[in-house]
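Welcome to my notebook. I opened a structure I had not seen before and wrote down what I looked up, one entry at a time.

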Amino acid sequence: MEPQDATLDTLDDGALMVLFANGDPMAARVLTARLLPPAYRHAARVLGDKAEAEDVAQDAMLRLWKAADGWKADGAAKVSTWLHRVVANLSIDRLRRSGRAVGLDETDEPSDTSPGAEQKLTQSARMAALDAALARLPERQRQAVVLRHIEGFSNPEIAEMLGIGVEAVESLTARGKRALSAALAGQKEALGYAE
Amino acid sequence: MQSDPNETALDRLLSDAQSDGPSDDLFARVLADADAVQSAARPVVPQRAPRRWWREALDAIGGWPTLSGVTAAGVMGVAIGLYAPDVVDDWAGGQLTGLSGGLSVAPDLGALVWEDGNV
């Protein structure tokens, strides 16, 4: 008998990869629900572009599906670490090719007039401001700040994702957060955080 | 001690960023990719043509060589039954009557019955 959805939820990502490779379609659903949102956020914050972030997240997930066949469920490689390393590399490739940065003035004009639209706009403006501030940081610093302060990964995990040492991660996140704070100085009211 | 207002605003901004998520369309595209990869990886099982009952029976008795032998024996049996014994004997080169000592193929039991008055 195939395990039910609730049973799959209790399995770790490595076990789900093996189930996926064995043809279980529910494993893909559970893995997507777990891994796609952080992968997308990672790409979105680093690239500052929603459409590009979606492309990168989809590409990274496709590579994950293709890697499932040879995946070892012995915990040697953590699925999320592997996936974010792919997202980091794909994002850096795109940044280097385009060489552009996103500013607050590039935020889409609002067309939604439904209730809650103002709140959505505020959220959209906040993310645009964050992306613009992140865009001023060097690539590695940007990746480290996103992975540490938005996705909540540990420093050793980030070190493995970015292929650098743990001490380098500590330094990157500390300097990155200071730089972000300075970049956003004076925007507290504009971002709607005024008490 | 008073916290840095810029730092607090940044923390709230980073916290808000955690609720940002992909669109339903992206979820659908990713699941479609997963389905395509799984379908491509599924082994293709060659379809065997359904075997007919007579084919199974033929294989059970040894195939066409056996069937031809059985057929030849059957034809011979029918011929022996249909034609007069001398014709069949001609086909066999006159050996049937020669082996049995004439047209009578059974031994002469009358001699056994009356021998010494006992059967």
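The entries below go from confidence to the fold, then to the contact between the chains.

**Entry 1: how far to trust it.** I noted to begin with that this is a predicted model. I looked up the scores for the complex and found an ipTM of 0.81 and a pTM of 0.66 from the predictor. For chain A, I read an average pLDDT of 84, with 83% of the residues at 70 or above. For chain B, the average pLDDT is 74, and 60% of the residues score at least 70.

**Entry 2: weak and strong spots.** Where is confidence lowest in chain B, and where is it highest? I found the lowest in helix H7 (residues 109–114) of chain B, with a mean of 58, and the highest in H2(B), at 95. In chain A, I marked residues 101–113, where pLDDT stays under 50. The model has 18 contacts beyond four places in sequence for that stretch, and I read them with care.

**Entry 3: the make-up of chain A.** I counted through the secondary structure of chain A and got nine helices and zero strands. Of its 195 residues, 39% count as buried. I also checked the contacts in chain A with a separation of 6 or more: 65% of them join residues 24 or more positions apart.

**Entry 4: the nonpolar core.** Next I went to the largest nonpolar core, which has 60 residues. Which of them touch the most other members? My list reads A:Ala39, A:Ala43, A:Ala57, A:Ala60, A:Leu83 and A:Val87. H3(A) brings the largest share of this core, 12 residues. I then picked A:Val87 and looked up its neighbours, leaving out residues up to four places away in sequence. A:Val87 touches A:Ala39, A:His42, A:Ala43, A:Val56, A:Ala57 and A:Ala60.

**Entry 5: an enclosed helix.** Helix H7 (residues 139–150) of chain A caught my eye. Its 12 residues reach 16 Å from first C-alpha to last, close to the 16 Å expected at 1.5 Å a residue. Why do I call H7(A) largely enclosed by the rest of the structure? Because 10 of its 12 residues are buried. Among them are A:Arg142 and A:Arg148, along with A:Val145, A:Val146 and A:Leu147. Just after H7(A), I noticed that A:Gly152 has a positive phi of about 75°.

**Entry 6: where the chains touch.** I looked up the contact and found 26 residues of chain B against 32 residues of chain A. On chain B's side, helix H1 (5–17) and helix H2 (24–41) each supply at least two residues. H2(B) gives the most, with 11 residues. By type, the residues on this side of chain B are 14 nonpolar, four polar and eight charged.

**Entry 7: the two sides of H2(B).** H2(B) has 18 residues and spans 26 Å from its first C-alpha to its last, close to the 26 Å expected. I found B:Leu26, B:Val30, B:Asp33 and B:Ala34 buried in H2(B). They cover an arc of only 100° around the axis, so they sit on the same side of H2(B). A reminder to myself: an α-helix has 3.6 residues a turn, so residues three or four places apart point the same way. On the other side of H2(B), I listed exposed residues, including B:Asp24, B:Ala28, B:Ala32 and B:Ser39. What covers the buried residues of H2(B)? I found that the cover includes helix H3 (25–47) and helix H4 (50–67) of chain A.

Terms used: Residues numbered from 1 in each chain as written. Chains lettered and ligands numbered in written order. Predicted model: local features only at pLDDT ≥ 70, side-chain atom pairs only at ≥ 80, totals over all residues. Contact = placed C-beta atoms within 7 Å. Helix = DSSP H or I, 4+ residues; strand = E, 2+ residues; numbered from the N terminus. Nonpolar A, V, L, I, M, F, W, Y, C, P; charged D, E, K, R; others polar. Buried ≥ 20, exposed ≤ 12 C-beta atoms within 10 Å, placed from the backbone. Expected span 1.5 Å × (residues − 1). Arc of directions from axis to C-beta. Core = buried A, V, L, I, M, F, W, Y, C linked by C-beta atoms within 7 Å. pLDDT = per-residue confidence, 0-100.
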